[in-house]
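Please open the model in your viewer and keep the sequence panel beside it. The tour below goes from one selection to the next and says what is to be found at each stop.

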Amino acid sequence: MTLITVIGRGHSGTRAISQTLANSGVYMGEPLNTSWDLIPAGEMYDACRIFAKYVDWTPGWGVSPTGLEGRSFNWSWKRALECEIPEAFKRRLFSFLHTVLESKAELKGWKIPETTLCFPWISRLFPDAKYIFWIRNPRDCIVGSHVTDDLNTFGIPYDRIYSQRGKRALSWLYQYNLVQSTPKPKNWIEVRLEDFVLKQEETLKRLEEFLGIPLVRIPVKPEVIGRWIADEEATDEDPNYFPFLEPAMREYGYEVPKTYKTAFHFKKEVNYDESKMPAVELPDILTFKDGSKVTEAAQWPARRKEILDLLSDQEYGFMPQGRADVKAELRESGSAFGGKAIREQVRLTLSRDAGDGVKSRKVDVLIYRPAKATGKVPAFVGLNFYGNHIVAKDEAIFLPDCWLSNSDKYSVKNGVPSEAGRGVYSDGWSPELIVDNGFVLVTACYNELDPDYPDCFHNGVHPLYQDAEWTKPAPNEWATIGAWAWGLSRIMDYLETTSWVNPKQVSVIGHSRLGKTALWAGANDERFAIAYSVQSGCGGAALSKRCIGETVDVITNAFPHWFCQNFRQYANAEATLPFDQHFLLALMAPRHVYVSSASEDHWADPKGEFLALAAADKAFNLVGLPGLGTDKMPEPEESVGTSNGYHIHSGPHAVFAVDWERYIAFAKHQFGLK
Ligand code: GTR
């Protein structure tokens, strides 16, 4: 029996060799489509996604115009090459190939373009097969669309690139690199489509020798070669050449252009002009799904649940079900701020068994609590961007060891933090002010919970809820904002066990994307007494339907991992949103919510943030609270509100001590503290 495997990225012209094989008496399985592909391919795709869970990748540091520097092509297949092939993979692959595998034919084989997405395991499972590696000039491959264009579809992370063809080219490169990084099977031949078409006789002779069978000559069309030359759809943003293809092209003897143009940048025009704003009609917080009206406080829990389910389903994804174990270990403690505070550094280990063994993730939490406090005191809990050491100039704080993005301001180079970052954002966290006012500050770096880049949900806390069969998120499964918010709740689990936090007086707070996170944490976890949104903007406090500043389209393209997939359907279709962000703020009723904006932060649409909070009053009023109590936006530096609060500082997208003074005053007021 001879088994023949054709491998080659989609659009390599593998149809030509499959047809040749099929016409030469090789059984290729069934049913086959017109490209001689085995169908349906669902099981094969899922098999590829299981392989992808064994691929490691770190994002690059920014985008450069050439598309080379700053970009990461560093996928690592070490784990995939060394691990035992998972049963879940084998089951899916064998089920996809069953007609071929069960056939008694003397000559059989298959062609699956997606083989190049899991080649190391295919070659290990079929070491004796004859492998035909089909190559084609990548410039021709990327002119047309293919199911593998966006590697994310198959669970493989990559540097964001907005160009469609850029995505395709990266996918080409990935598949090529993966094949190159795999030990070659003993029966291996490489064939260029160009040679098959232009030098058919010579090429088929080589193939006949390799396979040991005669092959029929099928008609070939020379015009399929160099089709990029007539490519009229090429633009600067979607060209048919990318410089990162060069090494592979040289290796296979394809000519590399001397000059080329690429435009990687995503220049999306956003609107800041209210006169150009679409008409905004806000869905009513107090109307049930079935159209009936919510008229009394007793109905609020039911309506609240409907809203929470709606936002889970359509925007942030549902939080996972089932408890995770939280273990706390005190790593360090000492005195800080001249004896006014006790500093504690606690490592939380979050663990869970999703059905295939316990997985865990650690989170290093920094705590400052008032030294003179007797009994349990209120607390602020919030995630930080660059590590706990940025919060205070305190030598004792451990530098973070999680993934970090590069930043000059926070002194992170090539992902490594440095001493110079200590206390860089102490104004924005104001730990001493917090402690002086009798509050505890609790913080951790958000990347510990889920590194802030699109990784197809393989890292961070998501795997705690994925078993060996998990292949891809459902369209309404939790995403990265969900993971961060979930982590805040786990920190809350820990705080409830301490002797020094009053669990009824814990506020959750966050800036920008972490402000979105704080609101979502408060919405899901009713233990948080107050949620503070600081310049959270689109997907946070700001109304999406206004389309001022950042929009659903922009945010879901730039940060596809923050929201669940369902949210993307509202990109450029905000009018069809069955909710807006006032629903999110309303979820804090009957508790409290505080929104703060910045006058120069047009990207976050300060007015849209204020209007959402004002519109949420309906829910608070229903349960007998005054809420914000005004729909007149205050001037900068003026605070408004009663049971909810709002202020806008004059200045940029940032947090200052003067903001903290207001947050603290608001919490004291709500908690009846002096
Ligand atoms: C921006 C993003 C905003 C905001 C901000 C931040 O790039 O567009 O939604 O969240 O990042 O988190 O600093």
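Two strands are taken to pair if DSSP finds at least two bridges between them. With that in mind, and remembering throughout that this is a predicted model, begin by selecting residues 341-353 and residues 358-370, which are strands E8 and E9 and which pair in the antiparallel sense over 13 bridges. Within this pair, display the side chain of Val-346, which stands opposite Val-365 in E9.

**The nine-stranded sheet**

Now extend the selection to the whole sheet, an open one of 9 strands with mixed pairing, whose order is E7-E8-E9-E13-E10-E14-E15-E16-E17. At its edges stand strand E7 (325-336) and strand E17 (645-649), and because each has a single partner strand, one side of each is left without a neighbour in the sheet. If you look along the sheet, you can follow how neighbouring strands are turned against each other, by 20° on average with direction ignored.

Add residues 513-524 next, and you will have helix H17, which lies across strands E10 (377-384), E14 (501-511), E15 (530-534) and E16 (592-598), running at about 145° to E14. Residues 657-671 then bring in helix H21, which lies across E10, E14, E15, E16 and E17 and runs at about 165° to E15.

**The four-stranded sheet**

Turn now to the other sheet of this tour, which is open, has 4 strands in the order E4-E1-E5-E6, and shows parallel pairing. Here the edge positions belong to strand E4 (107-111) and strand E6 (188-192), each with a single partner strand, so that one side of each is left without a neighbour in the sheet. Neighbouring strands of this sheet are turned by 20° against each other on average, again with direction ignored.

Select residues 2-7 together with residues 130-135 to see strands E1 and E5, which pair in the parallel sense over 4 bridges; in this pairing, Ile-4 stands opposite Lys-130 in E5. Adding residues 200-211 shows helix H10, which packs on the sheet and touches E1, E5 and E6, its direction making about 165° with that of E6.

**The cavity and Gln-175**

How many cavities of 30 Å³ or more does the structure hold? There is 1, and its volume is about 100 Å³. To outline the cavity, select its lining residues, Gly-8, Arg-9, Ser-12, Thr-116, Phe-133, Trp-134, Ile-135, Arg-136, Trp-172, Gln-175 and Tyr-176, which divide into 5 nonpolar, 4 polar and 2 charged. Strand E5 and helix H8 (164-180) each supply at least two residues of this lining.

Stay with Gln-175, which lies in helix H8. Is this residue buried or exposed? At 1% relative accessibility Gln-175 counts as buried, because buried means under 20% relative accessible area. Leaving aside neighbours within four places in sequence, Gln-175 is in contact with Arg-9, Pro-113, Thr-116, Leu-117 and Thr-148.

**The second largest pocket**

For the last stop, select Gly-13, Thr-14, Arg-15, Ala-16 and Ser-35, which among the 31 lining residues of the second largest pocket lie nearest its centre. This pocket has a volume of about 700 Å³, and its lining comprises 15 nonpolar, 8 polar and 8 charged residues. Helix H1 (14-23) and helix H9 (193-198) each supply at least two residues of the lining, and H1, with 4 residues, gives the most.

Key. Residues are numbered from 1 along each chain as its sequence is written. This is a predicted model: local features need pLDDT of at least 70, side-chain atom pairs count only at pLDDT 80 or more; totals for chains, interfaces and linings use all residues. Side-chain values use heavy atoms; hydrogens and water are left out. Axes are lines fitted to C-alpha atoms, for helices over the stretch in contact, and angles run from 0 to 180 degrees between N-to-C directions. Contact means heavy atoms within 4.5 Å. On a 1 Å grid over the protein atoms alone, a cavity is a set of points where a 1.4 Å probe fits but cannot get out, and a pocket is an open set with protein on both sides within 12 Å along at least five of seven lines; lining residues have an atom within 4 Å of a point. Grid points are joined across faces, edges and corners, and a volume is the space filled by probe spheres set on the points. Ala, Val, Leu, Ile, Met, Phe, Trp, Tyr, Cys and Pro count as nonpolar, Asp, Glu, Lys and Arg as charged, and the others, Gly among them, as polar. Buried means under 20% relative accessible area, exposed over 50%, partly exposed in between (1.4 Å probe, protein chains only).
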